Amino acid sequence: MGEFEARHYVSSTNSRDIHTPVNSPGFEVIFRASGETGLPFLLHHEAEDDLLPELEEMLRRFPQANIVWCHVGRNRDPSRWKKFPTPEGVRALIARYPNLNFDILQSGNMSRFPPNSVSGGVLDAVMYYQDAGPVRLRPEWLQLFEERPERFVLGSDVNTGRWSNYDQVFDRFRNALLARLSPAAAELIAYRNAWRLMSGEAWT
Ligand SMILES: [Zn+2]
């Protein structure tokens, strides 16, 4: 159904600084529609600790809805994002909510937030080693993707401001992630899960 924004910070391609609570009436319509039709939807929700309960409430209330929480693997504010943006935090949510899936962050290892900060801000792509070398996934994230590959898809995050990055984004996914996973896990994350979520059927 597309990507819906609950809490959204200003990003490199837009200036929306908004918070529409996940448990608000507008989102109820989306969760209900997903539950009734089986269609998945993407949720953009900055992972502040204080904002997790509104999402968890909806995951419990709409167990038939198919949610894909976007951009897992980053931490834009370590002072307020403590619970979720770690492999342990993701693992705990996976165990608790069978209807929760994730798309994996598209940005590179030296991505910064806020996006235009030259020296300030934070290096937010925490699933990678954040150094100047080639992009390398941290082993604890690799282990999570290998352990629970059925819950993850690749998040191209392509929008009107990012078409020119498309090849680079997918080369990075291939080299830093898919090439390091077992073939079975890589196939699930690369396309099998996306097919299942969108069609309701297993890839054959
Ligand atoms: Zn997003």
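1. A residue is called buried here if 20 or more other C-beta atoms lie within 10 Å of its own, and exposed if 12 or fewer do, with C-beta atoms placed from the backbone. The model is predicted: local features need pLDDT of at least 70, side-chain atom pairs count only at pLDDT 80 or more, and totals for chains, interfaces and linings use all residues. Numbering starts from 1 along each chain as its sequence is written.

2. In α1 (25-37), a DSSP run of H or I with at least four residues, the buried residues are F27, I30 and F31. They lie on the same side of α1, because their arc around the axis, taken from the directions from the helix axis to the C-beta atoms, is only 95 degrees. P25, G26, V29 and E36 are exposed on the other side.

3. The buried residues of α1 pack against β1, β4 and α2, contact requiring C-beta atoms within 7 Å. Just after α1, G38 adopts a positive phi of about 85 degrees.

4. Five strands (DSSP runs of E, at least two residues) form an open sheet in the order β1-β4-β5-β6-β9, with parallel pairing; a pair needs at least two DSSP bridges. β1 (3-5) and β9 are at the edges with a single partner strand each, so one side of each lacks a neighbour in the sheet. β1 is joined to β4 (residues 40-44) by three bridges, and E5 stands opposite H44.

5. The largest nonpolar core (buried Ala, Val, Leu, Ile, Met, Phe, Trp, Tyr and Cys residues joined through C-beta atoms within 7 Å) has 39 residues. β5 supplies its largest share, five residues. I189 is among the members that touch the most others; beyond four places in sequence, its contacts include F145, F152 and L178.

Key:
Two residues are in contact if their C-beta atoms, placed from the backbone, lie within 7 Å.
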